[in-house]
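This report introduces one protein structure to a reader who has not met it before. It treats empty spaces, helix packing and backbone details in turn.

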Amino acid sequence: MELGIGIGWRPEIADEVEALPGIDWVEAVAENLCAGHLPASLERLRERGVTVVPHGVSLGLGGADRPDPGRLADLAARAVLLDAPLVTEHIAFVRAGGARTGSPVLEAGHLLPVPRTWAALDVLCENVRIAQDALPVPLALENIAALISWPGEELTEGQFLAELVERTGVRLLIDVANLHTNHVNRGEDPATALDELPVEAIAYVHVAGGVEKDGVWHDTHAHPVTAPVLDVLAELRSRVAPPGVLLERDDAFPPAAELAGELEAIRAALEAGGRAVPGGARLSPGGGTGAAAPVPEAVRDGVAVAQTALLSALVAGTPAPEGFDPRRLGVQSRALAAKRADVVAKVAPELPEILGRGYRAAFLAYAGTRPMTAGYRRDALDFAEQLLIAGRPEDDAARRRLTYWWRDRAAPRPPGRAARLARAARSVLVGR
């Protein structure tokens with residue numbers, strides 16, 4: 001299916017997206033859509049014939065466990081609601097721990113890289129097949145950006161993606177900004193990755209902005225698209241004409257004119273790349289190899305232990321697993337905590353309003369000792385509860401407002417000594 005040029009739909013820029021010229025389709029984060037109805041802006045876009053693709057962020061198909069049936073059902077429902085031609089997710093894990101490791105479940109709150117090993121690939125492929133069977137439309141998977149590298153990897157990114165497509169027939173969502181990120185952070189050549197991956201399986205392409213700090217590229221989706229990212233897009237276009245290309249922006253939204261300018265830059269990069277090889281391939285469904293032997297539970301258990309050790313180091317302060325760069329783990333850990341602070345501020349905007357300038361420092365101090373275990377809304381409640389147990393904020397009026405906010409959402413009265421003891425016990429268990 002030809003999608004054309006699109007942009008990521010976000011509530012903050014809904015009006016701007018509707019007014020932008022030359023938009024053929026949009027992508028919406030699946031978890032942000034209610035099952036019963038769509039935002040009015042998306043309804044209007046659909047009435048104009050604009051295709052809407054749901055983009056999932058929480059399946060964690062690269063994790064050790066099989067996909068959660070409830071999450072799969074939710075993603076399938078969004079596809080039906082939108083009458084979407086396909087759905088997309090990520091090649092990543094987002095949680096770890098649980099029964100396989102005898103430890104608490106930890107949530108990353110972000111996408112973390114899967115080790116490019118044969119064992120991790122076996123697990124991913126089986127998880128993808130389970131997802132494909134549960135979804136009413138084709139699935140495409142996105143390569144992610146990474147700040148860290150797994151030790152002992154056995155495949156390059158291109159080889160890993162090629163094997164995934166060969167085994168499952170899944171389509172690919174190639175993010176050229178993520179290829180650039182991995183070039184800066186892990187020394188991986190985007191051209192080599194493009195040479196190795198099956199470009200005929202590309203469903204569409206993401207383009208996004210980022211920023212480099214101290215030699216590390218942060219895939220922020222909150223900065224303008226840079227020239228090196230557009231160069232990777234042109235490099236991809238010289239190999240294939242992708243059915244769709246989409247601009248992503250998730251924060252620090254610029255005026256509509258700047259968004260339009262970035263879309264024009266994307267069109268220009270596609271034109272420049274297209275001059276290298278006229279025409280180009282078109283998307284054809286992948287074949288796959290049919291049924292495969294189930295992955296032994298021992299293989300899943302091994303992946304679970306490795307992923308739990310990494311995630312625990314990132315969010316619970318445990319020692320860095322052997323072979324990882326402790327400095328890079330520190331960068332990734334701080335990035336995860338900062339993302340938690342940003343998302344909690346969005347899902348519970350009353351908290352930064354009540355705490356003022358002290359919100360971010362207070363939340364980062366909380367995040368340093370309290371891993372997320374049950375999503376961002378629970379995280380917001382736990383953060384407020386910890387502040388109240390500690391007698392904060394010091395301002396009486398602010399503390400009363402925080403108490404009322406917490407009480408309305410969690411319990412009839414503020415947490416007392418029993419809650420403090422329970423929380424302390426749980427923190428000890430999580431830290432083991």
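Which residues line the largest cavity? The model in which this is asked is a predicted one. The lining of the largest cavity consists of I91, P113, V114, R116, N143, I144, A146, E157, F160, L161, N182 and R186.

**Empty spaces**

Rolling a probe the size of a water molecule over the atoms shows where empty space is left. Across the whole structure, a search finds four cavities of 30 Å³ or more. The largest cavity holds about 120 Å³ of space. Two helices, helix 5 and helix 6 (176–186), each contribute at least two residues to the lining of this cavity. Helix 5 provides the largest share of that lining, namely three residues. Sorted by class, the lining of the largest cavity comprises seven nonpolar, two polar and three charged residues.

The second largest pocket contains about 230 Å³ of space. Its lining is formed by 17 residues, and G63, A64, D65, R95 and A96 are those that lie nearest its centre. Strand 5 (93–98) and helix 10 (297–315) each supply at least two residues of this lining. Strand 5 gives the most, with five residues. The lining of the second largest pocket divides into seven nonpolar, six polar and four charged residues.

**Helix packing**

Two helix pairs are described here. The first pair is helix 4 (residues 118–134) with helix 5 (residues 157–168), whose axes come within 10 Å and cross at roughly 40°. Helix 4 is therefore oblique to helix 5. The crossing of helix 4 past helix 5 is right-handed. On the side of helix 4, the contact is made by W118, L121, D122, L124, C125, V128, R129 and Q132, while helix 5 contributes F160, E163, L164, R167 and T168. In this contact there are seven nonpolar, two polar and four charged residues. F160 of helix 5 takes part in this contact, and F160 is also among the residues lining the largest cavity.

The second pair is helix 11 (residues 326–347) with helix 14 (residues 376–389), which pack at an angle of about 95° with their axes 9 Å apart. Because angles of 65 to 115 degrees count as roughly perpendicular, helix 11 is roughly perpendicular to helix 14. Helix 11 brings K339, R340, V343, V344 and V347 to the contact, and helix 14 brings Y376, R377, D379 and A380. The residues of this contact are five nonpolar, no polar and four charged.

The residue classes of the linings and contacts are set out below.

| Lining or contact | Nonpolar | Polar | Charged |
|---|---|---|---|
| Largest cavity, lining | seven residues | two residues | three residues |
| Second largest pocket, lining | seven residues | six residues | four residues |
| Helix 4 with helix 5, contact | seven residues | two residues | four residues |
| Helix 11 with helix 14, contact | five residues | no residues | four residues |

**Backbone details**

Two points along the backbone complete the account. The peptide bond from R392 to P393 is cis, with omega near -5°. P393 is placed in the loop between helix 14 and helix 15 (396–409). Where is D83 found? D83 belongs to the loop between helix 3 (69–82) and strand 4 (87–90). Although D83 is not a glycine, D83 has a positive phi of about 50°.

How values were computed. Residues are numbered from 1 along each chain as its sequence is written. This is a predicted model: local features need pLDDT of at least 70, side-chain atom pairs count only at pLDDT 80 or more; totals for chains, interfaces and linings use all residues. Side-chain values use heavy atoms; hydrogens and water are left out. Axes are lines fitted to C-alpha atoms, for helices over the stretch in contact, and angles run from 0 to 180 degrees between N-to-C directions. Helices (H or I, at least four residues) and strands (E, at least two) are DSSP runs, numbered from the N terminus. Angles under 35 degrees count as roughly parallel, over 145 as roughly antiparallel, 65 to 115 as roughly perpendicular and the rest as oblique. A crossing is left-handed if the near helix is turned anticlockwise from the far one by less than a right angle, and right-handed if clockwise. Contact means heavy atoms within 4.5 Å. Ala, Val, Leu, Ile, Met, Phe, Trp, Tyr, Cys and Pro count as nonpolar, Asp, Glu, Lys and Arg as charged, and the others, Gly among them, as polar. On a 1 Å grid over the protein atoms alone, a cavity is a set of points where a 1.4 Å probe fits but cannot get out, and a pocket is an open set with protein on both sides within 12 Å along at least five of seven lines; lining residues have an atom within 4 Å of a point. Grid points are joined across faces, edges and corners, and a volume is the space filled by probe spheres set on the points.
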